[in-house]
Amino acid sequence: MGNNSSVHLSVLFVSLLLALLSLFVLPVYSTSRRALLHHQTTAKKTGFRVTLHHVDHGKNLTKLERLQRGIKRGSHRLQRLNAMVLAANSDSSSSSSVFESPIRAGNGEFLMQLSIGTPPNAYSAIMDTGSDLIWTQCLPCETCFDQPTPIFDPRNSSSFSKLSCSSQLCEALPQSTCSDSCEYFYGYGDYSSTQGVLASETFSFGDGDEKVSVNGIGFGCGGDNEGDGFSQGSGLVGLGRGPLSLVSQLKEPKFSYCLTAMDDTKTSSLLVGPLASVNTTHSGAKVTTPLIENPSQPSFYYLSLEGISVGGSLLPIEKDTFALKKDGSGGLIIDSGTTITYLEKKAFDIVKEEFTSQINLPVDKSGSQGLDLCFNLPKYSTSVEVPKLSFHFKNDAVLELPPENYILSDRTLGVLCLAMGSSSGMSIFGNIQQQNFLVVHDLSEGTMSFVPTQCNQL
């Protein structure tokens with residue numbers, strides 16, 4: 001009887017001890033677990049918001065100077081985007097066995113704030129709707145460019161793991177090699193490149209209570225990165241339509257961004273998941289048009305532009321001017337990484353002629369502003385009336401732009417300019433024209449919507 005009592009007392013003592021220990025240990029585990037579950041649940045139910053900064057944010061520049069800097073970057077990007085299409089066309093028509101790395105546009109106009117690893121390391125990356133791969137520079141670095149935040153060291157992260165060569169994401173790479181893991185190479189049109197291992201990591205998005213962490217995001221961990229095309233950030237986040245992009249990996253069929261005016265001191269926003277449709281149900285001014293697919297450039301967001309109006313008059317632009325051709329050339333893409341809108345030259349010449357005839361000001365022929373069409377402002381004029389500009393997309397979707405989205409004036413220099421240019425081949429709907437619209441990409445419906453929004457109040 002005594003022995004049994006001793007056994008019972010021992011068991012009771014151990015049980016009490018374990019119960020006491022659980023008061024200290026289990027809350028730590030369960031809090032961490034609840035936090036992770038909360039992050040994942042939040043991401044699915046409401047989505048998340050990411051802060052965007054323009055690459056010239058915080059610099060002491062006039063609006064015209066910002067535009068001119070953007071035009072320089074944008075003209076290079078336009079050349080690279082056209083080079084991508086030409087390269088795809090030549091690859092499909094060539095019987096040569098020589099393999100060349102695909103060209104990517106690279107660069108961009110907006111930086112998104114995010115964190116990588118466990119514990120999380122905050123950094124900024126270029127947001128690019130024209131490409132897919134997510135990547136950042138990693139230690140140890142064979143060749144790395146200067147970046148504004150410390151280079152990510154995967155050896156200090158408990159959630160880092162290399163992806164195998166048989167993984168779906170590795171097979172989705174346009175070019176890869178295999179050693180003990182999947183190795184990638186991405187080349188960009190300005191001769192910048194990133195090379196390293198394809199890996200899996202935890203990424204965190206948003207701030208404070210709205211912060212969301214997502215496990216198992218595939219990304220390029222670049223140990224050999226060359227060129228100066230990305231020095232304003234610490235890598236790139238692709239938001240294209242391909243399997244490697246952030247939105248594809250998150251399996252979120254909807255995202256949007258809202259870009260503040262170029263000279264606004266407030267930040268812009270990227271919204272992913274259900275949150276992407278914030279306020280779209282409260283506005284009757286929403287304009288929706290179908291997304292077009294281009295098999296030779298599956299990552300791009302193509303829109304079917306059918307006409308342009310200036311001052312209420314539909315311009316005599318041939319109907320097939322902006323059509324996507326069978327060989328994958330032509331068409332119009334919407335791009336957050338290009339500053340101004342570039343129209344196929346025949347169409348732009350008509351737009352330019354119409355603005356010249358409707359704006360009663362002398363044309364500035366100096367070309368000193370870097371834009372195709374500028375006017376000389378009268379010295380003592382307080383305001384100038386400009387004609388309305390509307391883009392006619394498929395399904396009778398007419399997008400009327402506010403004047404600040406296509407006209408820029410500088411009283412000091414005495415000029416008023418049209419913030420558009422001409423291109424040969426592909427046309428691009430740029431981010432100046434998108435400012436203060438919530439631009440909603442709905443991949444499940446295959447549509448894009450524009451909702452007039454004060455983006456600095458979103």
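Strand 12, spanning residues 254–258, is mostly covered in this predicted model: of its 5 residues, 4 are buried. The strand has partners in two other stretches of the chain. With strand 27 (residues 437–442) the pairing is antiparallel and runs over 5 bridges. With strand 13 (residues 268–272) it is again antiparallel, this time through 4 bridges. Cys258 takes part in both pairings: in strand 27 it stands opposite Leu438, and in strand 13 it stands opposite Ser269. As a rule of thumb for reading such a strand, side chains in a regular strand alternate between the two faces of the sheet.

Another residue of strand 12 turns up in the surroundings of Gln434. This glutamine sits in helix 6, which covers residues 431–434. How buried or exposed is Gln434? Its relative accessibility is 0%, so Gln434 counts as buried. The side chain is not short of polar company, though. It reaches the backbone oxygen of Phe429 at 3.1 Å, and the backbone oxygen of Gly430 is also reached at 3.1 Å. Leaving aside residues up to four places away in sequence, Gln434 touches Tyr257, Ile334, Asp335, Ser336, Asn405, Phe429 and Val439. Tyr257 in that list falls within strand 12 (254–258), and Val439 falls within strand 27 (437–442). The side chain of Gln434 thus has contacts in both members of the strand 12 and strand 27 pair.

Moving on to charged pairs, side chains of opposite charge can pair when their charged atoms come close. The count for this model comes to 8 salt bridges. One of them links Lys59 and Asp56, with the closest N and O atoms 3.2 Å apart. The two ends sit in rather unlike settings: Asp56, at 1% relative accessibility, counts as buried, while Lys59 is partly exposed, with a relative accessible area of 37%.

A second salt bridge brings together the side chains of Lys162 and Asp180, at 3.8 Å from N to O. Lys162 belongs to strand 6 (residues 161–162), whereas Asp180 lies in the loop between strand 7 (176–178) and strand 8 (182–188), so the pair ties together parts that are 18 residues apart in sequence. Neither partner is buried: Lys162 is partly exposed at 46% relative accessible area, and Asp180 is exposed at 63%.

A third case is Lys388 with Glu400, where the closest N and O atoms are 3.9 Å apart. Here Lys388 lies in the loop between strand 20 (374–376) and strand 21 (389–393) and Glu400 in strand 22 (residues 397–401), so this pair ties together parts that are 12 residues apart in sequence. Lys388 is exposed, with a relative accessible area of 51%; the cut-off for exposed is over 50%, so Lys388 passes it. Glu400 is partly exposed at 43%. As for shared partners, salt bridges join Asp56, Lys59 and Arg69 into one network.

The loop that holds Lys388 also holds Lys379, between strand 20 and strand 21. Lys379 counts as exposed, at 78% relative accessibility. Which residue lies 9.5 Å from Lys379, C-alpha to C-alpha? That is Thr412, which is 33 residues away in sequence.

Thr412 falls in the turn of a hairpin, between strand 23 (residues 407–410) and strand 24 (residues 415–418). These two strands pair in the antiparallel sense over 4 bridges. Asp410 has Val415, in strand 24, as its bridge partner. The hairpin leaves 4 residues between its strands, and Gly414 in the turn has a positive phi of about 70°.

Zooming out to the whole protein chain, there are 6 helices and 28 strands. Of its 458 residues, 50% count as buried. Among contacts with a separation of 6 or more, 71% come from residues 24 or more positions apart. The chain exposes about 21,500 Å², and carbon and sulfur atoms supply 53% of that area.

How values were computed: Residues are numbered from 1 along each chain as its sequence is written. This is a predicted model: local features need pLDDT of at least 70, side-chain atom pairs count only at pLDDT 80 or more; totals for chains, interfaces and linings use all residues. Side-chain values use heavy atoms; hydrogens and water are left out. A salt bridge is a side-chain nitrogen of Lys or Arg within 4 Å of a carboxyl oxygen of Asp or Glu. Buried means under 20% relative accessible area, exposed over 50%, partly exposed in between (1.4 Å probe, protein chains only). A polar contact is a pair of N or O atoms within 3.5 Å; within protein, one must be able to donate a hydrogen and the other to accept it, and residues adjacent in sequence count only if both atoms are side-chain atoms. Contact means heavy atoms within 4.5 Å. Two strands pair if DSSP finds at least two bridges between them. Accessible areas come from the Shrake-Rupley method with a 1.4 Å probe; for residues, only the protein chains shown count as cover.
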